[in-house]
Amino acid sequence: MRLRQEARETMRLALPIAFGQVALMAMGLVDAALVGHVSQAELAVVSLGNSLSFAVVCPALGVSMAIEPLTAQAVGAGDAARAWDTVRAGTLACLLLAAPTALATWASARALGPLGVEAALVPGVERYVLARLLGLPAFMLFMAGKSFLEARGVVRPLWVGGWVANVLNFVWSSLLVFGDRALARVGLPPVGLPALGSVGAGLATSASNVVLAAIVWAAVFRARPPGARLLGGARALAPAARKALGLGAPIGFQVFTEVGIFSCATVLAGRLGATTAAAHQIALGVASFSYMGVLGLANATAVRVGRAVGAGEPGGPRRAGLVGLALTTSYMLGCALVLVAGGRLVASLFSPDPDVVAAATPLLLIAALFQIADGAQGVMSGALRGAADSRFASVANLVCHWGFGLPVAYALAFFAGWGAPGLWWGLLAGLVAVAAALVRRFLALTSRPIAPA
């Protein structure tokens, strides 16, 4: 009965979180689809700019993610004041990190030319990144508020806000990307609106981040303890801020290593030819989309583990983590069966080119196994995060992906001559190693009482 109740509580949290994650992903897909109708060069600008922006923001993102387990532990202990101080301190830390993150992103964009990126694209990437950076503080506010609400179990504003922002982003992006052409398409007269292309998409995304932050923080204010203040008492927040930074830095590094390994694999796929690169992007896009469900379950598991730790419930953290692992594995098995049974059909939805479909189909079969391991490592990362244990996962990702998976992928792809399937077998090997290490760590950690952070 307790396992069934745990599963229900996890799913109650996971489903809205997953819908919210899909909404965030859809914003990027909409921008890419709109800009792709301008030119291939503009699409390349957006793709490069998005990859760059996300990679550089990972360290700050880790601090916002640390708010979730720390708040969940406070909620589990029945300490509403500590939960509120955690989000205040974490949000302050995130905002302080926004300026250096923006500078690092801008410097990275300026460095693309010396790194070998086509010179004609670099100015466009710089302009797009600058437009995106206008919304960076709002995005950090959104992520901090999101973590607090998830820990409190208040998840409806997250997916509502995500889809409201999506609708507005589509409208704003259409107007700013195409200008008067967008008005003409719906039968409206021109008003002198310029077509800004990729810059317009960046501005629309920044504006949408402001909307997201406003909706989420309205819910945060409603969920705060009675009489709790927003500002003031900065000195008293210092310990909570140090905890958020100490827990968040390894989380950010872990996210960076995960993003980096797939970015590296994409670069390597590009060396195998345009058809192979397109096939790789299809397989990676499908795997990324199904992973949105894993993110929902991982965040929900982090909350459930964190609450059990805070409540000092014997066996509670292990039960919450293993239930999350079982639910995630079941979900990913379903996704894997879809790819095994209909991989060619799935590939054909993304490209009419028979050569690309033929190249993508075997990658999707490997991705079926890939997803099961990816789901296990994702939810175990969440479980460890809920227990405020983030350093092990960051080291495991570095060693298993970069020290093991990448060399195997490179050797199979280029020395053994397996091509793109070799890359994916290597990625799978790294993921299996990470998943096994994290499961072992979680079982060892929960074999004894866990002290709250």
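This passage describes the overall build of a predicted model and then some of its helices, cores and individual residues.

The chain contains 14 helices and zero strands. Read from the N terminus, the order of elements is therefore written with helices throughout, as α-α-α-α-α-α-α-α-α-α-α-α-α-α. The radius of gyration is 22 Å, close to the 22 Å that the globule rule gives for 453 residues, so the chain is as compact as a globular protein of that length. Along the principal axes, the C-alpha atoms fill a box of roughly 55 × 55 × 40 Å. Of the 453 residues, 53% count as buried. About 19000 Å² of the chain is exposed, and carbon and sulfur atoms supply 70% of this area. When contacts between residues at least 6 apart in sequence are considered, 82% of them join residues at least 24 apart.

The interior of the model was examined through its nonpolar cores. The largest nonpolar core has 64 residues. Those with the most contacts inside this core are Met 140, Phe 142, Phe 148, Leu 149, Val 216 and Val 220. Helix α2, which covers residues 40-76, gives the most to the core, with 14 residues. The surroundings of Phe 148 illustrate how separate parts of the sequence meet. With neighbours within four places in sequence left aside, Phe 148 is in contact with Ile 67, Thr 71, Ala 83, Trp 84, Val 87, Val 220 and Ala 223. Another core, of 34 residues, lies apart from the largest one. Its members include Ala 336, Leu 363, Phe 370 and Leu 431.

Helix α6 offers a view of how a single helix is placed. Residues 156-178 form this helix of 23 residues. From its first C-alpha to its last, α6 reaches 33 Å, close to the 33 Å expected at 1.5 Å a residue. Its buried residues are Pro 157, Leu 158, Gly 161, Gly 162, Ala 165, Asn 166, Asn 169, Ser 173, Ser 174, Val 177 and Phe 178. In an α-helix there are 3.6 residues a turn, so residues three or four places apart point the same way. The cover over the buried residues of α6 includes α1 (2-36), α5 (136-152), α7 (180-185) and α8 (198-223). Gly 179 follows α6 and has a positive phi, near 65 degrees.

A positive phi is also found in a residue other than glycine, namely Ala 388, where the value is near 60 degrees. Ala 388 lies in the loop between α12 (354-386) and α13 (391-415). With a relative accessibility of 26%, Ala 388 counts as partly exposed.

Two glutamate residues were considered in their surroundings. Glu 6 has its place in helix α1, and with a relative accessible area of 5% this residue is buried. Beyond its neighbours within four places in sequence, Glu 6 is in contact with Arg 304, Arg 319, Ala 320 and Val 323. Glu 68 belongs to helix α2 and is buried, with a relative accessible area of 2%. Residues up to four places away in sequence not being counted, Glu 68 touches Ser 147, Glu 150, Ala 151, Asn 299, Ala 302, Val 303 and Arg 385.

The cysteine residues were also searched for bonds. Zero disulfides are found in the whole structure. The cysteine sulfur closest to that of Cys 58 belongs to Cys 94, and because the two are 13 Å apart, they are too far for a bond. Cys 94 is likewise in no disulfide, the nearest cysteine sulfur being that of Cys 58. A disulfide would require the sulfur atoms to lie within 2.5 Å. Cys 58 counts as buried at 0% relative accessibility, and Cys 94 counts as buried at 1%.

A final example concerns Ala 277, a residue of helix α10 (residues 274-311). The C-alpha atoms of Ala 277 and Ala 360 are separated by 9.5 Å, although these residues are 83 residues apart along the chain. When residues up to four places away in sequence are not counted, Ala 277 touches Ala 269 and Gly 270.

How values were computed
Residues numbered from 1 in each chain as written. Predicted model: local features only at pLDDT ≥ 70, side-chain atom pairs only at ≥ 80, totals over all residues. Heavy atoms only, no water. Buried < 20%, exposed > 50% of the residue type's maximum accessible area, 1.4 Å probe, protein only. Helix = DSSP H or I, 4+ residues; strand = E, 2+ residues; numbered from the N terminus. Expected span 1.5 Å × (residues − 1). Contact = heavy atoms within 4.5 Å. Core = buried A, V, L, I, M, F, W, Y, C linked by side-chain atoms within 4.5 Å. Rg over C-alpha atoms; globule rule 2.2 N^0.38 Å. Areas by Shrake-Rupley, 256 points an atom, 1.4 Å probe, with all protein chains shown as cover.
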